[in-house]
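Visitor: I am new to this structure and would love a close look at one part of it. Could you walk me through it step by step?

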Amino acid sequence: MDSHAKSIEGRFSIGEVAKSTGTTVKTVRYYDEIGLLKPTMHTEGRHRLYTTAEVWRLELILTLRYLNFGIDEIRKIISGEISVSKALDWQIEALSTQQRTLSNMITILQRAKENGIGEDSLHHIHDLVASISANTEDRKKFIFKKIKESMIIDQFPYDWKEPLIQSIDGIFPKNKKITALQSSAWNEMEELLKDSQFHTEFRQSMEDCVNAVQQYSVNQDLWDKKTVEIYSRVIDAVKAQHPPESTAVQEIVEYYASKFAQMLQVPVTPDLLRYFMKVARISGTDRVLRFWELRAILNPDMECALKAKKLLYQGIMWKIAQLEEVQIKKKQAISK
């Protein structure tokens, strides 16, 4: 911190903090509003007061922003959710990609200039934009094709196919400018989709779903509406930070499981719950689960759904443990 910041009993006003760090009051206020940099104290008039540690935190945030880290990435780095080493690897990878793109841009623009100002130059500039767009579209086509193959969409009834295809579209980033984390996730997903073992495991996870749909003539629209209803309740439980064993989560598990049991006309047992997790694609191998995590990184709108899926999985596993404990006690009682 420089000499511009004036201490008031070890605290600094928002104006002093902004001036000492070379930023604006609006920016500091924004970081407070989004919970990235909250002052520990306020004056009697409710004006913000910052400690030396909080000014350093702001300096760190501004440094990371200068290095093109996204707000969510900065939040995770500061909280320790992402290691600094991992974050730096992601950012180096992202900037390297940008560097290659910029180098390509400069080369084509120089060629356009060398050809003189005129229609030919505009053609070169057009080729630049087209080449960049083509590269992005090629990556999207590759990912779309590979996922569609693994989801064995052609084996599903007609009314299931279109919603499944739409779910693939939800994988792609919504913004043209992606963060370092998204760039790394994009590259990791491409590598994952080149792994034959992943495709084997992903197909297996989809086969349970397609078998249940075909065998019990599951109506897609009804299933989708019921799933949306359930997940909206689980998302509320996530936001309220309810643990898997809580009454709120267990009520959802019991309701969801009972509906599934009714469809199959069987009782709710540990085996049924395990089968249900496969059909609803709540569980899976490490590779399959990583795929869903990457999807949530590429499309942040899916992050709540991923957290809901994890909580539902944990809630069902807790329910299975309870049912198995009851079964063991019954067997012990019979054997006595």
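Let me begin with one residue: does Thr 227 count as buried or exposed, and why?

Guide: Happy to help, and please keep in mind that this is a predicted model. Thr 227 counts as buried, because its relative accessibility is 19% and the cut-off for buried is under 20%. Thr 227 belongs to helix 10, which covers residues 220-239.

Before we go on, here is the wider setting. The protein has 14 helices and three strands. It is made of 336 residues, of which 36% count as buried. Looking at contacts between residues at least 6 apart in sequence, 65% of them join residues at least 24 apart.

Thr 227 gives us a way into the next part of the chain. Thr 227 and Tyr 256 are 29 residues apart in sequence, while their C-alpha atoms are 8.7 Å apart in space. Right beside Tyr 256 in the numbering is Tyr 255, and Tyr 255 is placed in helix 11. With a relative accessibility of 24%, Tyr 255 counts as partly exposed. Its C-alpha atom is separated by 8.7 Å from that of Ile 230, a residue 25 places away along the chain. If we set aside neighbours within four places in sequence, Tyr 255 is in contact with Lys 226, Glu 229, Ile 230 and Arg 233. Arg 233 deserves a second look here: its charged end sits over the ring of Tyr 255, 5.5 Å from the ring centre.

Now follow helix 11 to its partner, helix 12. Helix 11 spans residues 247-264 and helix 12 spans residues 270-279; their axes come within 11 Å and cross at roughly 95 degrees. That angle makes helix 11 roughly perpendicular to helix 12. On the side of helix 11, the contact is made by Tyr 256, Ala 257, Phe 260, Ala 261 and Leu 264, and on the side of helix 12 by Leu 272, Leu 273, Tyr 275, Phe 276 and Val 279. Sorted by class, this contact has 10 nonpolar residues, with no polar and no charged ones. You may recognise Tyr 256 in that list, the residue we paired with Thr 227 a moment ago.

Stay with helix 12 a little longer. Its buried residues are Pro 270, Leu 272, Leu 273, Phe 276, Met 277 and Val 279. These buried residues pack against helix 9, helix 10, helix 11 and helix 14, the last of which covers 303-335. After helix 12 comes Arg 281, with a positive phi near 55 degrees. Arg 281 is not a glycine, yet it has this positive phi. Its place is in the loop between helix 12 and helix 13, the latter covering 286-298.

Helix 9 was one of the partners of helix 12, so to speak our next stop. Phe 198 and Phe 202 both lie in helix 9, residues 196-215, and they are four residues apart, about one turn of the helix. Both of these phenylalanines are buried. The structure holds 11 aromatic pairs, and one of them is formed by Phe 198 and Phe 202: this pair is tilted, with 5.3 Å from centre to centre and 35 degrees between the planes. Phe 198 and Phe 202 also join Phe 291 and Trp 292 in one aromatic cluster. Trp 292 has a further neighbour, as the charged end of Lys 309 sits over its ring, 3.9 Å from the centre.

Finally, a few places elsewhere in the chain. Ile 152 has a phi near 40 degrees, a positive value in a residue other than glycine. Ile 152 lies in the loop between helix 6 (119-150) and helix 7 (158-169), and it counts as buried because its relative accessibility is 9%. In helix 4, residues 71-79, the buried residues are Ile 71, Glu 73, Ile 74, Lys 76 and Ile 77. Helix 4 is followed by Gly 80, whose phi is positive and near 90 degrees. Trp 56, placed in helix 3 (residues 52-66), counts as exposed because its relative accessibility is 57%. The C-alpha atoms of Trp 56 and Thr 21 are separated by 9.1 Å, with their positions 35 residues apart along the chain.

Definitions and conventions: Residues are numbered from 1 along each chain as its sequence is written. This is a predicted model: local features need pLDDT of at least 70, side-chain atom pairs count only at pLDDT 80 or more; totals for chains, interfaces and linings use all residues. Side-chain values use heavy atoms; hydrogens and water are left out. Axes are lines fitted to C-alpha atoms, for helices over the stretch in contact, and angles run from 0 to 180 degrees between N-to-C directions. Helices (H or I, at least four residues) and strands (E, at least two) are DSSP runs, numbered from the N terminus. Angles under 35 degrees count as roughly parallel, over 145 as roughly antiparallel, 65 to 115 as roughly perpendicular and the rest as oblique. Contact means heavy atoms within 4.5 Å. Ala, Val, Leu, Ile, Met, Phe, Trp, Tyr, Cys and Pro count as nonpolar, Asp, Glu, Lys and Arg as charged, and the others, Gly among them, as polar. Buried means under 20% relative accessible area, exposed over 50%, partly exposed in between (1.4 Å probe, protein chains only). Rings of Phe, Tyr and Trp (its six-membered ring) pair if their centres lie within 6.5 Å; planes under 30 degrees apart count as stacked, over 60 as edge-to-face and the rest as tilted. A charge sits over a ring if NZ of Lys or CZ of Arg is within 6 Å of the ring centre and within 35 degrees of the ring normal.
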